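Trainee: Got a minute to walk through this one with me? I'd like to start with the strands and then move on to the helices.

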Amino acid sequence: MARGVVLTESLIRRLGEVGVRAVCIENQATDDILVREIVDERTKVQLLGMTYDTLHELATAQFTPCVQPKRLRQSFAPVVEDVIAQLKETGGAGDQLSSVYVADGELFHHSVNVTFYTLTLGMHMGLTKSELIDLGIGTLLHDVGKLCVDSRVLQKPGRLSDEEFEEIKRHAQLGYDILTREGDISARSSIVALQHHERMDGSGYPSGLAGRDIHLFSQLSAVADVYEALTANRVYRRAFLPHDALRMIQQDHDKGRFSDSAVQAFRETISIYPIGMSVRLSNRHLAVVVRPSQNLQFPVVRAIEDQYGQVIAPYEIDLANVADIWIEACES
């Protein structure tokens with residue numbers, strides 16, 4: 001579509017059919033809100049494509065000429081290094097993650113989202129460039145074992161039986177076995193697949209590890225993995241609001257399940273309502289996030305449409321300072 005084309009229902013439907021989940025639109029009420037991408041579109045598309053291809057190829061052991069098992073790190077390292085450089089330049093996922101938030105829970109989208117979050121945490125904690133590259137590769141491939149699990153169980157809309165949950169839990173060991181068997185991936189990258197469901201109090205799986213027995217990479221990815229999963233739509237539920245997901249993580253942290261340093265880094269770096277995100281308020285008005293407030297859970301927003309989709313005179317609200325209006329949904 002050329003610039004200036006008016007979006008119609010049929011155009012929106014067609015965009016969805018070809019996989020376009022978001023477009024930039026012109027709106028005088030929000031022209032002054034500058035949305036800065038944390039990672040440019042070219043790099044993001046390249047990373048999504050590589051992750052999609054590699055996950056499926058690792059799970060089936062059928063490799064294309066461009067992604068050979070012995071060259072996985074060699075293939076991924078330059079792209080991950082590019083992502084790290086862009087995250088450092090733009091301030092990381094704490095500054096802007098709106099274009100990633102619209103993901104729908106697909107495995108390769110989830111993996112890329114978790115990688116952006118986890119790399120931001122790793123940068124905040126002062127990891128070296130080499131460590132960040134290994135962390136990025138590990139998180140991109142951490143769920144490869146799920147492709148070896150019955151898809152009917154993974155996509156089941158209802159409550160899992162004990163047997164079905166045990167089947168899903170196998171993906172951690174399966175993924176680790178795949179990554180250690182194939183390619184030149186480092187041990188600290190592979191360990192993310194094995195340990196990202198371990199919990200600091202020993203309540204996780206597959207080995208029930210606790211405390212320092214869980215690798216730092218896995219401690220960081222555990223928090224990012226849960227947050228991203230909670231804020232994405234699933235076949236069995238709609239996405240949780242970001243502040244509700246953060247509250248749930250904090251509750252698990254209070255029970256000793258997540259690392260103190262990982263949760264602290266997350267709270268200090270991740271802006272859960274990034275600038276430019278569209279939200280539906282409790283008064284049914286559509287608003288756009290303008291800037292963070294003192295409380296990252298309650299940003300400053302600008303209302304632009306009423307409950308009927310009609311344009312209104314824009315007005316701003318600092319949600320941290322009002323009790324009778326709140327965010328009810330994130331529009332995507």
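Mentor: Sure. In β3, the residue bridged to Arg-291 is Val-300. Keep in mind that this is a predicted model.

Trainee: Okay, and in which sense do β2 and β3 pair, and over how many bridges?

Mentor: Antiparallel, over 5 bridges. β2 covers residues 286–291, and β3 covers residues 300–305.

Trainee: What about β3 and β4, which way do they run?

Mentor: Those run antiparallel, with 5 bridges joining them. One pair to look at is Ala-303 with its bridge partner Tyr-315 in β4. The β4 strand spans residues 311–318.

Trainee: How many residues sit between the strands in the hairpin of β3 and β4?

Mentor: There are 5. Check the backbone there: Gly-309 takes a positive phi near 85°.

Trainee: And how many of the residues in β3 are buried?

Mentor: 5 of its 6 residues, so β3 is mostly covered, with buried meaning under 20% relative accessible area.

Trainee: Switching to helices. What do people quote for a packed pair?

Mentor: Two packed helices are described by the angle between their axes and the distance between those axes.

Trainee: Then what are the angle and axis distance for α5 and α10?

Mentor: About 135°, with the axes 9 Å apart. That angle makes α5 oblique to α10. Helix α5 is residues 107–124 and helix α10 is residues 216–230.

Trainee: Is the crossing left-handed or right-handed where α5 passes α10?

Mentor: Right-handed.

Trainee: Which residues meet there?

Mentor: From α5 you have His-110, Asn-113, Val-114, Tyr-117, Thr-118, Leu-121 and Gly-122. They meet Leu-220, Ser-221, Ala-224, Asp-225, Tyr-227, Glu-228 and Ala-229 of α10. By class, the contact of α5 with α10 has 7 nonpolar, 5 polar and 2 charged residues.

Trainee: Still on α5, is Ser-111 buried or exposed?

Mentor: Ser-111, which lies in α5, has a relative accessible area of 0%, so it counts as buried.

Trainee: What is Ser-111 in contact with, leaving aside neighbours within four places in sequence?

Mentor: Thr-51, Leu-55, Thr-139, Leu-140 and His-142.

Trainee: Last one: why does Glu-163 count as exposed?

Mentor: Because its relative accessibility is 60%, and the exposed class starts over 50%. Glu-163 lies in helix α8, residues 162–181.

Trainee: How many residues separate Glu-163 and Ser-261 in sequence, and what's the distance in space?

Mentor: They're 98 residues apart in sequence and 34 Å apart in space, C-alpha to C-alpha.

Notes
Residues numbered from 1 in each chain as written. Predicted model: local features only at pLDDT ≥ 70, side-chain atom pairs only at ≥ 80, totals over all residues. Heavy atoms only, no water. Axes fitted to C-alpha atoms, helices over the stretch in contact; angles between N-to-C directions. Helix = DSSP H or I, 4+ residues; strand = E, 2+ residues; numbered from the N terminus. Parallel < 35°, antiparallel > 145°, perpendicular 65-115°, else oblique. Left-handed = near helix turned anticlockwise from the far one by under 90°. Contact = heavy atoms within 4.5 Å. Nonpolar A, V, L, I, M, F, W, Y, C, P; charged D, E, K, R; others polar. Buried < 20%, exposed > 50% of the residue type's maximum accessible area, 1.4 Å probe, protein only. Pairing = 2+ DSSP bridges.
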